[in-house]
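Dear colleague,

Please find below the structure that I am handing over to you, together with its sequence. My notes on it follow directly after.

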Amino acid sequence: MKTKLAVVAISISVYLLSSGFKVASLQQPKPWIVPDKYLKMVNPIKTSAESVKDGKELWGTHCQSCHGKSGKGDGTKAAQLKTEPGNFTLPATQKEPDGSFFFKISEGRGDMPSFKKKIPEADDIWNLVNYMRTLKS
Ligand code: HEC
């Protein structure tokens, strides 16, 4: 009986320790406030096979290393990041308006680079947004 209790106590401590470490090493993303102007923005590029194809190409070049091939946040660089890159296949992420994605991609924050210089054409960012809409599980 005593050994059983000891095993339970040890398992609980190990669990608490490991979850504590996780909290310390990987910060939960803080709310990312998107200006109203962007929340209301209408995507000027209608989704089409061509737009999605262009977006996919940009994704492979600029985004996949962190966000992963299918947008689940499991890219090769993900383990080195201080913040989780998120999971675009989740309905909660897909609920964000197009303009919110546009703003976050343009401006960046912390580990998420700003792309307005690397991808200067707004239409290309919209193509990326259209591609990201196909990343559903
Ligand atoms: C160096 C790694 C890295 C690269 C490259 C990168 N991202 Fe990110 N991205 C992140 C991280 C980390 C976050 C979370 C940032 C935060 O919440 O502070 C993020 C967040 C985002 C968000 C917001 C997610 C949400 O839930 O609101 C979008 C949209 C996004 N990235 C799109 C892209 C696109 C598109 C590209 C390529 C053009 C890209 N990212 C390239 C690391 C990266």
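The notes below begin with the overall fold, turn to the ligand, and then take up several individual residues.

Please bear in mind throughout that this is a predicted model. The protein contains six helices and zero strands, so that the order of elements from the N terminus reads α-α-α-α-α-α. It has 137 residues, of which 31% count as buried. Among contacts with a separation of 6 or more, 62% are made by residues 24 or more positions apart.

The ligand

The space that the ligand takes up is the largest pocket. Two or more residues of the surrounding shell are contributed by each of helix H3 (49-67), helix H5 (98-107) and helix H6 (122-132). The largest contribution is that of H3, with five residues. In total, 24 residues surround the ligand, and the closest are Cys63, Cys66, His67, Glu96 and Met112. By character, the shell divides into 14 nonpolar, five polar and five charged residues.

Three polar side chains deserve your attention here. In the side chain of His67, an N or O atom is 2.8 Å from a nitrogen atom of the ligand. For Glu96, a polar side-chain atom lies 2.6 Å from an oxygen atom of the ligand. For Lys104, the corresponding distance from a polar side-chain atom to an oxygen atom of the ligand is 2.7 Å.

Helix H5

How many of the ten residues of H5 are buried? Eight of them are, and H5 is therefore largely enclosed by the rest of the structure. The buried residues are Gly99, Ser100, Phe101, Phe102, Phe103, Lys104, Ile105 and Ser106. Lys104 thus appears both among the buried residues of H5 and among the side chains with a polar atom close to the ligand, at 2.7 Å. The buried residues of this helix pack against helix H2 (36-39), helix H4 (91-94) and H6. Just after H5, Gly108 adopts a positive phi of about 65°.

Arg133

Arg133 belongs to the segment that follows H6. Its side chain comes to 2.7 Å from the backbone oxygen of Glu96. Glu96 is therefore approached through its backbone by Arg133, under the 3.5 Å cut-off for a polar contact, while a polar side-chain atom of Glu96 lies 2.6 Å from an oxygen atom of the ligand. Apart from neighbours within four places in sequence, Arg133 is in contact with Gln94, Glu96, Pro97, Asp98 and Phe101.

The loop between H3 and H4

Two residues of this loop are described here, Ser70 and Gly71. Are they buried or exposed? Gly71 has 0% relative accessibility and therefore counts as buried, whereas Ser70 is partly exposed, with a relative accessible area of 32%.

Setting aside neighbours within four places in sequence, Gly71 is in contact with Trp59, Gly86, Asn87, Phe88, Thr89 and Leu135. One of these, Gly86, is 15 residues away from Gly71 in sequence, and their C-alpha atoms are 8.1 Å apart. With the same neighbours set aside, Ser70 is in contact with Thr89 and Leu135. Ser70 and Thr89 are 19 residues apart along the chain, and 7.7 Å separates their C-alpha atoms. Thr89 and Leu135 are accordingly contacts of Gly71 as well as of Ser70.

With kind regards

Technical notes
Residues are numbered from 1 along each chain as its sequence is written. This is a predicted model: local features need pLDDT of at least 70, side-chain atom pairs count only at pLDDT 80 or more; totals for chains, interfaces and linings use all residues. Side-chain values use heavy atoms; hydrogens and water are left out. A residue is near a molecule or strand if one of its heavy atoms lies within 4 Å of it. A polar contact is a pair of N or O atoms within 3.5 Å; within protein, one must be able to donate a hydrogen and the other to accept it, and residues adjacent in sequence count only if both atoms are side-chain atoms. On a 1 Å grid over the protein atoms alone, a cavity is a set of points where a 1.4 Å probe fits but cannot get out, and a pocket is an open set with protein on both sides within 12 Å along at least five of seven lines; lining residues have an atom within 4 Å of a point. A molecule sits in a cavity or pocket if more than half of its atoms lie within 2 Å of its grid points. Helices (H or I, at least four residues) and strands (E, at least two) are DSSP runs, numbered from the N terminus. Ala, Val, Leu, Ile, Met, Phe, Trp, Tyr, Cys and Pro count as nonpolar, Asp, Glu, Lys and Arg as charged, and the others, Gly among them, as polar. Buried means under 20% relative accessible area, exposed over 50%, partly exposed in between (1.4 Å probe, protein chains only). Contact means heavy atoms within 4.5 Å.
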